[in-house]
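Reader: I would like to learn how to read burial and overall fold in a model like this one. Could you take me through it step by step?

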Amino acid sequence: TGDPAIRDALLGAGVDQATADKLAENPDATVAAAVRMGIPQATADQFRSNPQGAVEALRAAGIDPVTAAPQLAAQL
């Protein structure tokens, strides 16, 4: 279930399987939670269209996906 591209991008970034699965389950909820956490809307929206680009944008902004993903999953 969920969006395999989001899951694969997160796993590739080093996020654990359970967290990646939870974030991939509902992309709309993931995007909304990311924006609430202060991630720019444009970056959060990339999780739907270009998950790998979103991971790269997070890193470019100084946000480590490995530490941000569990915080994000906790908001779902």
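Reader: What share of the 76 residues in the protein is buried?

Author: Start with the cut-off: a residue is called buried when its relative accessible area is under 20%. In this predicted model, buried residues make up 39% of the 76 residues. As for the surface, its accessible area comes to about 3,800 Å², and 52% of that belongs to carbon and sulfur atoms.

Reader: Which radius of gyration does the protein have, and why look at it?

Author: It can be set against the value for a compact globule. With 76 residues, such a globule would have a radius near 11 Å; the protein has 10 Å, which agrees. Its C-alpha atoms fill a box of roughly 25 × 20 × 20 Å along the principal axes.

Reader: How many helices and strands should I look for?

Author: You will find 6 helices and 0 strands, giving the pattern α-α-α-α-α-α along the sequence. Contacts add to that picture: among those between residues at least 6 apart in sequence, 53% join residues at least 24 apart.

Reader: Let's try one helix. Which residues of α2 are buried?

Author: Helix α2 spans residues 17–25, and T19, A20, L23 and A24 are buried there. Seen down the helix axis, these buried residues fall within an arc of 130°, so they line one face of α2.

Reader: Which exposed residues does the face turned away from the buried side carry?

Author: That face of α2 carries A18 and E25.

Reader: And what covers the buried residues of α2?

Author: The cover includes α1 (4–12), α3 (27–36) and α6 (65–74).

How values were computed
Residues are numbered from 1 along each chain as its sequence is written. This is a predicted model: local features need pLDDT of at least 70, side-chain atom pairs count only at pLDDT 80 or more; totals for chains, interfaces and linings use all residues. Side-chain values use heavy atoms; hydrogens and water are left out. Helices (H or I, at least four residues) and strands (E, at least two) are DSSP runs, numbered from the N terminus. The radius of gyration is taken over C-alpha atoms; the globule rule is 2.2 Å times the number of residues to the power 0.38. Buried means under 20% relative accessible area, exposed over 50%, partly exposed in between (1.4 Å probe, protein chains only). Contact means heavy atoms within 4.5 Å. Accessible areas come from the Shrake-Rupley method with a 1.4 Å probe; for residues, only the protein chains shown count as cover. The arc is that of the directions from the helix axis to the C-beta atoms.
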